[in-house]
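I opened the model to look up a few residues, one helix, one sheet and the nonpolar cores. My entries are kept in the sequence in which I worked.

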Amino acid sequence: MSAVHISPFAGSWYPESRGQLEQLLKQRFERSQERTGPSLRGGLGFVMPHAGPEYSGTVAAAVYRALRADPPEHIVLLAFPHHGRLRGVATPDVESISTPLGEVPIDRMFAREFRPIAESRVCDHSFEIQLPFLQTSVPGARVTPLYVGDMSAGERDVAAEILSSSWRPGMVFLASSDFTHYGISFGHLPFPTDRNTPARLQDLDSAYIEAAGSLDAFLFLQTLGQHRATVCGAGPIALLLDTLRYLPGKDLYQSTLDYQTSGELVHDWSHSVSYAALGYYPRAAFELGETDQEALLDSAEETLRQLRDSDNQEGIPASGGSPMLGGRRGVFVSLHQGEELLGCVGNLHGHSPLAQEVAHLTLSAALDDHRFRSAAGVTGPVDVEISVLTPFRRIRGPEKFHLGTHGGFLRLGKQSGLLLPQVGADRNWKPEDFLNALARKSNLGPGAWRDLRAHLMVFEAQVFSRKRYN
(Lines give C-alpha, C1' and ligand atoms only; values in the text may rest on other atoms or scores of the structure.)
Protein backbone atom coordinates (compact mmCIF):
# COMPACT_ATOMS: atom_id res chain seq x y z
CA MET A 1 0.00 0.00 0.00
CA SER A 2 1.19 3.50 -0.84
CA ALA A 3 0.98 5.79 2.18
CA VAL A 4 0.29 9.10 0.41
CA HIS A 5 -0.64 9.70 -3.21
CA ILE A 6 0.10 13.24 -4.43
CA SER A 7 -2.59 14.24 -6.87
CA PRO A 8 -1.06 15.10 -10.27
CA PHE A 9 -3.94 17.42 -11.21
CA ALA A 10 -2.72 20.37 -9.12
CA GLY A 11 -1.04 22.87 -11.40
CA SER A 12 -2.81 21.59 -14.52
CA TRP A 13 -6.53 21.06 -13.90
CA TYR A 14 -6.63 23.57 -11.05
CA PRO A 15 -4.17 25.99 -9.38
CA GLU A 16 -1.21 24.56 -7.52
CA SER A 17 -1.26 27.48 -5.08
CA ARG A 18 -3.47 26.92 -2.04
CA GLY A 19 -4.58 30.54 -1.98
CA GLN A 20 -5.45 30.63 -5.67
CA LEU A 21 -7.35 27.35 -5.42
CA GLU A 22 -9.31 28.54 -2.40
CA GLN A 23 -10.20 31.77 -4.22
CA LEU A 24 -11.32 29.88 -7.33
CA LEU A 25 -13.55 27.56 -5.30
CA LYS A 26 -14.98 30.49 -3.33
CA GLN A 27 -15.95 32.18 -6.60
CA ARG A 28 -17.58 29.00 -7.90
CA PHE A 29 -19.60 28.50 -4.70
CA GLU A 30 -20.78 32.12 -4.78
CA ARG A 31 -21.74 31.88 -8.44
CA SER A 32 -23.66 28.68 -7.73
CA GLN A 33 -25.62 30.44 -4.99
CA GLU A 34 -26.51 33.22 -7.42
CA ARG A 35 -27.63 30.76 -10.11
CA THR A 36 -29.62 28.23 -8.09
CA GLY A 37 -30.56 29.74 -4.72
CA PRO A 38 -30.95 27.74 -1.50
CA SER A 39 -30.04 24.06 -1.24
CA LEU A 40 -32.39 21.24 -0.33
CA ARG A 41 -31.45 19.07 2.64
CA GLY A 42 -31.54 15.31 3.02
CA GLY A 43 -30.02 14.15 -0.27
CA LEU A 44 -28.86 10.52 -0.29
CA GLY A 45 -27.07 10.57 -3.63
CA PHE A 46 -25.71 13.06 -6.15
CA VAL A 47 -24.22 13.26 -9.64
CA MET A 48 -21.68 15.99 -10.34
CA PRO A 49 -19.27 16.85 -13.20
CA HIS A 50 -15.51 16.52 -13.18
CA ALA A 51 -13.98 19.04 -15.58
CA GLY A 52 -11.58 21.60 -14.15
CA PRO A 53 -13.19 23.97 -11.61
CA GLU A 54 -12.74 26.82 -14.10
CA TYR A 55 -15.29 25.09 -16.35
CA SER A 56 -17.65 22.79 -14.43
CA GLY A 57 -16.93 24.17 -10.95
CA THR A 58 -20.09 26.26 -10.70
CA VAL A 59 -22.32 23.30 -11.54
CA ALA A 60 -20.37 20.97 -9.24
CA ALA A 61 -20.67 23.52 -6.45
CA ALA A 62 -24.45 23.05 -6.46
CA VAL A 63 -23.83 19.52 -5.13
CA TYR A 64 -21.18 20.57 -2.66
CA ARG A 65 -23.29 23.42 -1.34
CA ALA A 66 -26.01 20.85 -0.63
CA LEU A 67 -23.47 18.74 1.25
CA ARG A 68 -22.26 21.77 3.19
CA ALA A 69 -25.84 22.62 4.20
CA ASP A 70 -26.43 19.07 5.48
CA PRO A 71 -22.96 17.61 6.18
CA PRO A 72 -22.65 13.82 5.83
CA GLU A 73 -20.33 11.74 7.95
CA HIS A 74 -19.24 9.48 5.10
CA ILE A 75 -18.89 10.03 1.34
CA VAL A 76 -18.77 7.07 -1.05
CA LEU A 77 -17.55 8.46 -4.36
CA LEU A 78 -18.11 6.44 -7.53
CA ALA A 79 -15.62 7.37 -10.24
CA PHE A 80 -14.05 5.62 -13.24
CA PRO A 81 -10.78 5.55 -15.21
CA HIS A 82 -11.20 7.34 -18.53
CA HIS A 83 -8.57 5.06 -20.08
CA GLY A 84 -10.78 2.03 -19.42
CA ARG A 85 -9.04 -1.27 -18.74
CA LEU A 86 -10.90 -1.91 -15.48
CA ARG A 87 -13.37 -4.69 -14.76
CA GLY A 88 -15.78 -4.50 -11.85
CA VAL A 89 -15.33 -2.21 -8.85
CA ALA A 90 -12.00 -1.45 -7.18
CA THR A 91 -10.70 0.90 -4.52
CA PRO A 92 -7.32 2.69 -4.73
CA ASP A 93 -4.71 1.14 -2.47
CA VAL A 94 -3.61 4.32 -0.66
CA GLU A 95 -3.96 5.74 2.83
CA SER A 96 -4.45 9.36 1.80
CA ILE A 97 -4.35 11.68 -1.21
CA SER A 98 -2.67 15.07 -1.11
CA THR A 99 -3.96 18.25 -2.78
CA PRO A 100 -2.89 21.89 -2.26
CA LEU A 101 -5.54 22.05 0.50
CA GLY A 102 -3.94 19.21 2.50
CA GLU A 103 -4.30 15.45 2.77
CA VAL A 104 -7.58 13.54 2.44
CA PRO A 105 -7.54 10.27 4.43
CA ILE A 106 -9.09 7.36 2.53
CA ASP A 107 -11.51 5.14 4.44
CA ARG A 108 -10.89 1.73 2.93
CA MET A 109 -12.64 -0.32 5.62
CA PHE A 110 -15.98 0.38 3.98
CA ALA A 111 -14.58 -0.82 0.65
CA ARG A 112 -13.22 -4.11 1.94
CA GLU A 113 -15.77 -6.02 -0.18
CA PHE A 114 -14.06 -4.64 -3.29
CA ARG A 115 -10.57 -5.44 -4.47
CA PRO A 116 -7.72 -2.97 -3.94
CA ILE A 117 -5.90 -1.61 -6.95
CA ALA A 118 -2.75 0.49 -7.29
CA GLU A 119 -3.62 4.17 -7.57
CA SER A 120 -1.12 4.45 -10.43
CA ARG A 121 -3.38 2.14 -12.49
CA VAL A 122 -6.59 4.10 -12.01
CA CYS A 123 -5.55 7.65 -11.08
CA ASP A 124 -8.19 9.77 -12.77
CA HIS A 125 -9.64 13.26 -12.58
CA SER A 126 -13.16 11.81 -12.29
CA PHE A 127 -12.26 11.16 -8.64
CA GLU A 128 -9.38 13.44 -7.78
CA ILE A 129 -10.93 16.63 -9.19
CA GLN A 130 -13.62 16.23 -6.50
CA LEU A 131 -11.20 16.31 -3.57
CA PRO A 132 -10.71 20.10 -3.26
CA PHE A 133 -14.51 20.50 -3.33
CA LEU A 134 -14.88 17.92 -0.56
CA GLN A 135 -12.12 19.56 1.47
CA THR A 136 -13.92 22.89 1.13
CA SER A 137 -17.49 21.80 1.81
CA VAL A 138 -17.28 18.79 4.18
CA PRO A 139 -13.73 18.65 5.55
CA GLY A 140 -14.71 16.28 8.36
CA ALA A 141 -16.36 13.61 6.22
CA ARG A 142 -14.79 10.19 5.69
CA VAL A 143 -14.13 9.48 2.02
CA THR A 144 -14.22 6.12 0.25
CA PRO A 145 -13.42 6.20 -3.49
CA LEU A 146 -14.59 3.36 -5.72
CA TYR A 147 -13.54 3.11 -9.34
CA VAL A 148 -16.28 1.57 -11.49
CA GLY A 149 -15.24 -0.39 -14.57
CA ASP A 150 -17.07 -2.54 -17.09
CA MET A 151 -19.79 -4.69 -15.50
CA SER A 152 -22.66 -6.84 -16.59
CA ALA A 153 -26.11 -6.04 -15.22
CA GLY A 154 -25.75 -8.95 -12.80
CA GLU A 155 -22.36 -7.77 -11.55
CA ARG A 156 -23.69 -4.24 -11.08
CA ASP A 157 -26.66 -5.66 -9.19
CA VAL A 158 -24.35 -7.48 -6.77
CA ALA A 159 -22.23 -4.35 -6.22
CA ALA A 160 -25.36 -2.26 -5.62
CA GLU A 161 -26.64 -4.71 -3.02
CA ILE A 162 -23.30 -4.55 -1.20
CA LEU A 163 -23.37 -0.74 -1.16
CA SER A 164 -27.02 -0.40 -0.20
CA SER A 165 -26.79 -2.97 2.60
CA SER A 166 -23.82 -1.02 4.01
CA TRP A 167 -25.71 2.29 4.02
CA ARG A 168 -26.25 4.00 7.35
CA PRO A 169 -27.72 7.43 8.20
CA GLY A 170 -25.04 10.03 7.53
CA MET A 171 -23.75 8.30 4.39
CA VAL A 172 -24.07 9.87 0.93
CA PHE A 173 -23.23 8.36 -2.46
CA LEU A 174 -21.70 10.51 -5.21
CA ALA A 175 -21.27 9.59 -8.89
CA SER A 176 -18.83 11.53 -11.06
CA SER A 177 -19.81 12.15 -14.68
CA ASP A 178 -20.00 14.74 -17.39
CA PHE A 179 -22.86 14.52 -19.86
CA THR A 180 -22.83 15.02 -23.63
CA HIS A 181 -19.42 15.42 -25.28
CA TYR A 182 -20.24 17.12 -28.58
CA GLY A 183 -17.91 17.78 -31.49
CA ILE A 184 -15.61 16.19 -34.06
CA SER A 185 -12.87 15.66 -31.50
CA PHE A 186 -15.27 13.49 -29.47
CA GLY A 187 -16.53 11.64 -32.54
CA HIS A 188 -20.07 12.75 -31.70
CA LEU A 189 -21.89 15.02 -34.14
CA PRO A 190 -25.56 13.96 -33.99
CA PHE A 191 -26.52 17.30 -35.56
CA PRO A 192 -24.65 20.14 -37.28
CA THR A 193 -23.14 23.04 -35.41
CA ASP A 194 -25.43 26.00 -35.95
CA ARG A 195 -27.65 28.40 -34.02
CA ASN A 196 -29.84 25.48 -32.91
CA THR A 197 -26.99 23.55 -31.30
CA PRO A 198 -27.47 24.90 -27.73
CA ALA A 199 -31.16 23.91 -27.68
CA ARG A 200 -30.47 20.53 -29.28
CA LEU A 201 -27.74 19.77 -26.76
CA GLN A 202 -30.08 20.64 -23.91
CA ASP A 203 -32.75 18.39 -25.39
CA LEU A 204 -30.27 15.50 -25.56
CA ASP A 205 -29.08 16.02 -22.01
CA SER A 206 -32.65 16.45 -20.78
CA ALA A 207 -33.46 12.99 -22.14
CA TYR A 208 -30.52 11.49 -20.25
CA ILE A 209 -31.34 13.39 -17.06
CA GLU A 210 -34.99 12.34 -17.26
CA ALA A 211 -33.89 8.71 -17.67
CA ALA A 212 -31.58 8.99 -14.67
CA GLY A 213 -34.51 10.39 -12.70
CA SER A 214 -36.30 7.06 -13.10
CA LEU A 215 -33.75 5.49 -10.71
CA ASP A 216 -33.89 2.61 -13.20
CA ALA A 217 -30.38 1.75 -14.44
CA PHE A 218 -31.76 -0.35 -17.28
CA LEU A 219 -33.89 2.52 -18.60
CA PHE A 220 -31.00 4.97 -18.16
CA LEU A 221 -28.51 2.83 -20.09
CA GLN A 222 -31.12 1.96 -22.71
CA THR A 223 -31.75 5.68 -23.30
CA LEU A 224 -28.03 6.35 -23.66
CA GLY A 225 -27.74 3.50 -26.15
CA GLN A 226 -30.62 4.78 -28.27
CA HIS A 227 -28.81 8.08 -28.74
CA ARG A 228 -25.27 6.69 -28.86
CA ALA A 229 -24.63 9.03 -25.97
CA THR A 230 -21.22 10.23 -24.85
CA VAL A 231 -22.01 10.38 -21.12
CA CYS A 232 -18.60 9.37 -19.85
CA GLY A 233 -19.62 8.30 -16.33
CA ALA A 234 -22.52 6.10 -17.32
CA GLY A 235 -21.10 3.26 -15.21
CA PRO A 236 -20.92 5.19 -11.94
CA ILE A 237 -24.38 6.70 -12.54
CA ALA A 238 -25.92 3.28 -13.26
CA LEU A 239 -24.38 1.84 -10.09
CA LEU A 240 -25.63 4.84 -8.10
CA LEU A 241 -29.18 4.36 -9.42
CA ASP A 242 -29.22 0.67 -8.56
CA THR A 243 -27.78 1.39 -5.11
CA LEU A 244 -30.39 4.04 -4.33
CA ARG A 245 -33.17 1.79 -5.63
CA TYR A 246 -32.16 -0.89 -3.12
CA LEU A 247 -32.13 1.41 -0.10
CA PRO A 248 -34.90 0.14 2.20
CA GLY A 249 -37.94 2.37 2.61
CA LYS A 250 -36.57 5.17 0.43
CA ASP A 251 -38.88 6.54 -2.26
CA LEU A 252 -36.59 9.06 -3.96
CA TYR A 253 -37.01 11.84 -6.49
CA GLN A 254 -34.27 13.38 -8.61
CA SER A 255 -33.83 17.14 -8.53
CA THR A 256 -31.77 18.90 -11.20
CA LEU A 257 -29.66 21.28 -9.15
CA ASP A 258 -27.90 22.96 -12.08
CA TYR A 259 -26.97 22.45 -15.74
CA GLN A 260 -24.54 24.22 -18.04
CA THR A 261 -22.30 23.54 -21.03
CA SER A 262 -18.73 24.50 -21.84
CA GLY A 263 -20.06 25.81 -25.16
CA GLU A 264 -22.00 28.44 -23.24
CA LEU A 265 -19.00 29.32 -21.11
CA VAL A 266 -16.44 29.75 -23.91
CA HIS A 267 -18.90 30.64 -26.73
CA ASP A 268 -17.71 27.75 -28.90
CA TRP A 269 -20.42 25.24 -29.75
CA SER A 270 -18.24 23.18 -32.10
CA HIS A 271 -16.62 21.54 -29.07
CA SER A 272 -18.85 21.36 -26.00
CA VAL A 273 -19.14 19.26 -22.85
CA SER A 274 -22.32 19.30 -20.78
CA TYR A 275 -22.34 19.48 -16.98
CA ALA A 276 -25.24 18.47 -14.74
CA ALA A 277 -25.65 18.46 -10.96
CA LEU A 278 -28.35 16.02 -9.82
CA GLY A 279 -29.60 15.21 -6.34
CA TYR A 280 -31.71 12.30 -5.09
CA TYR A 281 -34.02 13.17 -2.21
CA PRO A 282 -36.77 11.47 -0.20
CA ARG A 283 -40.27 12.89 -0.42
CA ALA A 284 -39.89 14.64 2.95
CA ALA A 285 -37.08 16.87 1.62
CA PHE A 286 -39.60 18.71 -0.56
CA GLU A 287 -42.13 19.38 2.22
CA LEU A 288 -42.82 23.00 3.11
CA GLY A 289 -43.30 23.86 6.76
CA GLU A 290 -46.43 25.51 8.11
CA THR A 291 -44.88 28.98 8.05
CA ASP A 292 -44.03 28.63 4.36
CA GLN A 293 -47.51 27.34 3.56
CA GLU A 294 -49.08 30.30 5.34
CA ALA A 295 -46.77 32.73 3.52
CA LEU A 296 -47.77 31.34 0.12
CA LEU A 297 -51.48 31.37 0.97
CA ASP A 298 -51.16 34.96 2.20
CA SER A 299 -49.47 35.88 -1.08
CA ALA A 300 -52.16 34.24 -3.22
CA GLU A 301 -55.06 35.65 -1.20
CA GLU A 302 -53.70 39.20 -1.10
CA THR A 303 -52.96 39.04 -4.84
CA LEU A 304 -56.54 37.94 -5.48
CA ARG A 305 -58.00 40.53 -3.09
CA GLN A 306 -56.19 43.41 -4.78
CA LEU A 307 -57.19 42.11 -8.20
CA ARG A 308 -60.87 41.94 -7.24
CA ASP A 309 -60.93 45.21 -5.27
CA SER A 310 -58.89 47.51 -7.53
CA ASP A 311 -57.95 45.52 -10.64
CA ASN A 312 -54.34 45.48 -9.46
CA GLN A 313 -52.63 42.93 -11.70
CA GLU A 314 -49.28 43.03 -9.92
CA GLY A 315 -48.65 39.84 -7.95
CA ILE A 316 -47.89 40.19 -4.24
CA PRO A 317 -44.82 38.04 -3.46
CA ALA A 318 -44.73 35.90 -0.33
CA SER A 319 -42.77 37.25 2.58
CA GLY A 320 -41.71 35.94 5.95
CA GLY A 321 -41.04 32.35 4.89
CA SER A 322 -37.92 30.20 4.99
CA PRO A 323 -35.21 29.99 2.29
CA MET A 324 -37.24 27.11 0.79
CA LEU A 325 -39.46 29.74 -0.83
CA GLY A 326 -36.44 30.89 -2.83
CA GLY A 327 -36.36 27.54 -4.63
CA ARG A 328 -37.90 26.82 -8.01
CA ARG A 329 -40.55 24.11 -7.89
CA GLY A 330 -43.42 22.86 -9.95
CA VAL A 331 -46.59 24.39 -8.48
CA PHE A 332 -50.30 24.75 -9.30
CA VAL A 333 -52.84 27.25 -7.95
CA SER A 334 -56.56 26.35 -7.98
CA LEU A 335 -59.37 28.78 -7.24
CA HIS A 336 -62.75 27.49 -5.98
CA GLN A 337 -66.09 28.91 -4.96
CA GLY A 338 -67.79 26.15 -3.05
CA GLU A 339 -67.66 23.10 -5.31
CA GLU A 340 -67.15 25.19 -8.45
CA LEU A 341 -63.66 25.35 -9.95
CA LEU A 342 -62.87 28.88 -11.14
CA GLY A 343 -59.36 28.28 -12.44
CA CYS A 344 -56.38 25.98 -12.18
CA VAL A 345 -53.02 27.08 -13.58
CA GLY A 346 -49.50 25.88 -12.88
CA ASN A 347 -46.09 25.05 -14.21
CA LEU A 348 -44.16 21.81 -14.15
CA HIS A 349 -40.69 22.82 -13.03
CA GLY A 350 -40.70 26.38 -11.67
CA HIS A 351 -39.87 29.47 -13.70
CA SER A 352 -39.18 31.71 -10.72
CA PRO A 353 -38.81 31.29 -6.93
CA LEU A 354 -41.91 29.96 -5.19
CA ALA A 355 -42.31 33.23 -3.31
CA GLN A 356 -43.00 34.98 -6.64
CA GLU A 357 -44.41 32.13 -8.72
CA VAL A 358 -47.53 31.53 -6.63
CA ALA A 359 -48.62 35.16 -6.97
CA HIS A 360 -48.15 35.06 -10.76
CA LEU A 361 -50.09 31.79 -11.04
CA THR A 362 -52.92 33.19 -8.91
CA LEU A 363 -53.34 36.05 -11.36
CA SER A 364 -53.23 33.66 -14.29
CA ALA A 365 -55.79 31.31 -12.71
CA ALA A 366 -58.14 34.25 -12.12
CA LEU A 367 -57.69 35.96 -15.50
CA ASP A 368 -56.41 33.49 -18.09
CA ASP A 369 -58.08 30.12 -17.48
CA HIS A 370 -60.98 30.57 -19.89
CA ARG A 371 -62.35 27.10 -19.24
CA PHE A 372 -64.12 28.52 -16.17
CA ARG A 373 -65.84 31.63 -14.84
CA SER A 374 -63.26 34.23 -13.92
CA ALA A 375 -62.53 34.51 -10.21
CA ALA A 376 -61.91 38.21 -10.78
CA GLY A 377 -65.57 38.84 -11.51
CA VAL A 378 -67.46 36.64 -9.06
CA THR A 379 -68.90 37.88 -5.78
CA GLY A 380 -68.52 36.11 -2.48
CA PRO A 381 -65.70 34.06 -1.00
CA VAL A 382 -63.09 32.38 -3.21
CA ASP A 383 -60.87 29.66 -1.78
CA VAL A 384 -57.24 29.14 -2.84
CA GLU A 385 -55.64 25.71 -3.05
CA ILE A 386 -51.90 25.37 -3.69
CA SER A 387 -50.22 22.17 -4.88
CA VAL A 388 -46.41 22.14 -4.67
CA LEU A 389 -44.95 19.30 -6.69
CA THR A 390 -42.01 17.00 -6.26
CA PRO A 391 -39.84 16.48 -9.35
CA PHE A 392 -41.13 13.92 -11.85
CA ARG A 393 -39.97 10.30 -11.88
CA ARG A 394 -40.33 8.30 -15.06
CA ILE A 395 -41.79 4.80 -14.71
CA ARG A 396 -41.95 1.87 -17.14
CA GLY A 397 -45.38 0.57 -16.19
CA PRO A 398 -48.53 1.09 -14.12
CA GLU A 399 -47.30 -1.15 -11.30
CA LYS A 400 -45.16 1.79 -10.12
CA PHE A 401 -48.16 4.14 -10.02
CA HIS A 402 -49.98 4.51 -6.68
CA LEU A 403 -53.48 5.97 -6.89
CA GLY A 404 -54.11 8.71 -4.34
CA THR A 405 -50.38 9.26 -3.82
CA HIS A 406 -49.09 9.95 -7.30
CA GLY A 407 -50.05 12.49 -9.88
CA GLY A 408 -49.23 11.67 -13.48
CA PHE A 409 -47.62 13.31 -16.46
CA LEU A 410 -47.83 11.72 -19.90
CA ARG A 411 -45.94 12.70 -23.04
CA LEU A 412 -46.25 11.04 -26.44
CA GLY A 413 -44.94 12.85 -29.47
CA LYS A 414 -46.05 16.47 -29.26
CA GLN A 415 -48.97 15.72 -26.95
CA SER A 416 -48.71 15.88 -23.16
CA GLY A 417 -50.90 16.30 -20.12
CA LEU A 418 -50.89 16.28 -16.33
CA LEU A 419 -53.30 15.26 -13.59
CA LEU A 420 -52.72 16.19 -9.95
CA PRO A 421 -52.86 13.42 -7.32
CA GLN A 422 -56.07 14.78 -5.78
CA VAL A 423 -57.95 14.21 -9.05
CA GLY A 424 -58.13 10.50 -8.30
CA ALA A 425 -58.56 10.78 -4.54
CA ASP A 426 -62.35 11.25 -4.41
CA ARG A 427 -63.30 8.96 -7.28
CA ASN A 428 -63.92 5.26 -7.25
CA TRP A 429 -61.08 4.74 -9.72
CA LYS A 430 -58.55 2.04 -10.29
CA PRO A 431 -55.02 3.04 -11.38
CA GLU A 432 -55.92 2.25 -15.01
CA ASP A 433 -58.86 4.66 -14.79
CA PHE A 434 -56.56 7.48 -13.68
CA LEU A 435 -54.06 6.71 -16.44
CA ASN A 436 -56.80 6.61 -19.07
CA ALA A 437 -58.09 9.97 -17.82
CA LEU A 438 -54.51 11.25 -18.05
CA ALA A 439 -54.34 10.06 -21.65
CA ARG A 440 -57.57 11.92 -22.47
CA LYS A 441 -56.21 15.04 -20.77
CA SER A 442 -53.19 14.70 -23.08
CA ASN A 443 -55.50 14.60 -26.13
CA LEU A 444 -54.59 10.98 -26.69
CA GLY A 445 -56.69 7.86 -26.87
CA PRO A 446 -57.37 5.65 -23.83
CA GLY A 447 -54.46 3.32 -23.21
CA ALA A 448 -51.92 5.68 -24.82
CA TRP A 449 -49.84 5.34 -21.66
CA ARG A 450 -49.16 1.73 -22.73
CA ASP A 451 -47.48 2.87 -25.96
CA LEU A 452 -43.78 1.95 -25.87
CA ARG A 453 -42.95 5.43 -27.15
CA ALA A 454 -44.84 7.15 -24.34
CA HIS A 455 -43.08 8.73 -21.39
CA LEU A 456 -45.13 8.18 -18.24
CA MET A 457 -44.02 10.00 -15.10
CA VAL A 458 -45.25 10.19 -11.53
CA PHE A 459 -44.90 12.84 -8.86
CA GLU A 460 -46.33 13.73 -5.48
CA ALA A 461 -47.86 17.01 -4.34
CA GLN A 462 -48.14 18.83 -1.05
CA VAL A 463 -51.64 20.32 -1.16
CA PHE A 464 -52.78 23.03 1.24
CA SER A 465 -55.56 25.61 1.42
CA ARG A 466 -57.32 27.97 3.78
CA LYS A 467 -61.09 28.35 3.51
CA ARG A 468 -61.47 31.82 4.97
CA TYR A 469 -60.97 34.30 2.09
CA ASN A 470 -63.83 36.73 1.33
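The entries below record what I looked up in this predicted model.

**Entry: nonpolar cores**

I began with the cores, since nonpolar side chains tend to be buried together in soluble globular proteins. The largest nonpolar core contains 48 residues. Those with the most contacts inside it are Phe46, Tyr64, Leu67, Phe127, Leu134 and Leu174. Helix 2 (residues 53–69) gives this core its largest share, eight residues. I also noted a second, separate core of 45 residues, which includes Leu44, Ala234, Tyr259 and Ala276.

What is phenylalanine 127 in contact with, leaving aside its neighbours within four places in sequence? I listed Leu77, Ala79, Ile97, Ile106, Val143, Pro145 and Tyr147.

**Entry: phenylalanine 29**

I found phenylalanine 29 in helix 1 (residues 18–36). Its relative accessibility is 6%, so I put it down as buried, the cut-off being under 20%. Not counting residues up to four places away in sequence, phenylalanine 29 touches Ala61, Tyr64, Arg65, Arg68, Phe133, Thr136 and Ser137. I checked the pair with threonine 136: the two are 107 residues apart in sequence, and their C-alpha atoms are 9.9 Å apart in space.

**Entry: histidine 74 and serine 164**

Is histidine 74 buried or exposed? It counts as buried, because its relative accessibility is 3%. Histidine 74 is placed in strand 3 (residues 74–79). With residues up to four places away in sequence not counted, histidine 74 touches Asp107, Phe110, Arg142, Val143, Thr144, Gly170, Met171 and Val172.

Serine 164 belongs to helix 6 (residues 153–165). I noted this serine as buried too, at a relative accessible area of 8%. Apart from its neighbours within four places in sequence, serine 164 is in contact with Thr243, Tyr246 and Leu247.

**Entry: helix 7**

How far should the 16 residues of helix 7 (residues 197–212) span at 1.5 Å a residue? The expected value is 22 Å, and the end C-alpha atoms are 23 Å apart, which agrees. I then listed its buried residues: Thr197, Leu201, Leu204, Asp205, Tyr208, Ile209, Glu210, Ala211 and Ala212. For reading such a list, I kept in mind that an α-helix has 3.6 residues a turn, so residues three or four places apart point the same way.

**Entry: four-stranded sheet**

I traced an open sheet of four strands in the order 16-19-17-18, with antiparallel pairing. Strand 16 (393–395) and strand 18 (415–419) are the edge strands, each pairing on one side only. From one strand to the next, the twist averages 25°. Strand 16 and strand 19 (residues 455–459) run antiparallel and are joined by three bridges. I noted arginine 394 opposite methionine 457 in strand 19.

**Entry: positive phi**

Most residues other than glycine have a negative phi. I therefore wrote down two with a positive value.

Arginine 228 has a phi near 50°. I located arginine 228 in the loop between helix 8 (217–226) and helix 9 (234–246). It counts as exposed because its relative accessibility is 73%.

Asparagine 443 has a phi near 60°. Where is asparagine 443 found? I placed it in the loop between helix 13 (431–441) and strand 19. Asparagine 443 also counts as exposed, at 60% relative accessibility.

Key: Residues numbered from 1 in each chain as written. Predicted model: local features only at pLDDT ≥ 70, side-chain atom pairs only at ≥ 80, totals over all residues. Heavy atoms only, no water. Helix = DSSP H or I, 4+ residues; strand = E, 2+ residues; numbered from the N terminus. Buried < 20%, exposed > 50% of the residue type's maximum accessible area, 1.4 Å probe, protein only. Contact = heavy atoms within 4.5 Å. Expected span 1.5 Å × (residues − 1). Pairing = 2+ DSSP bridges. Axes fitted to C-alpha atoms, helices over the stretch in contact; angles between N-to-C directions. Core = buried A, V, L, I, M, F, W, Y, C linked by side-chain atoms within 4.5 Å.
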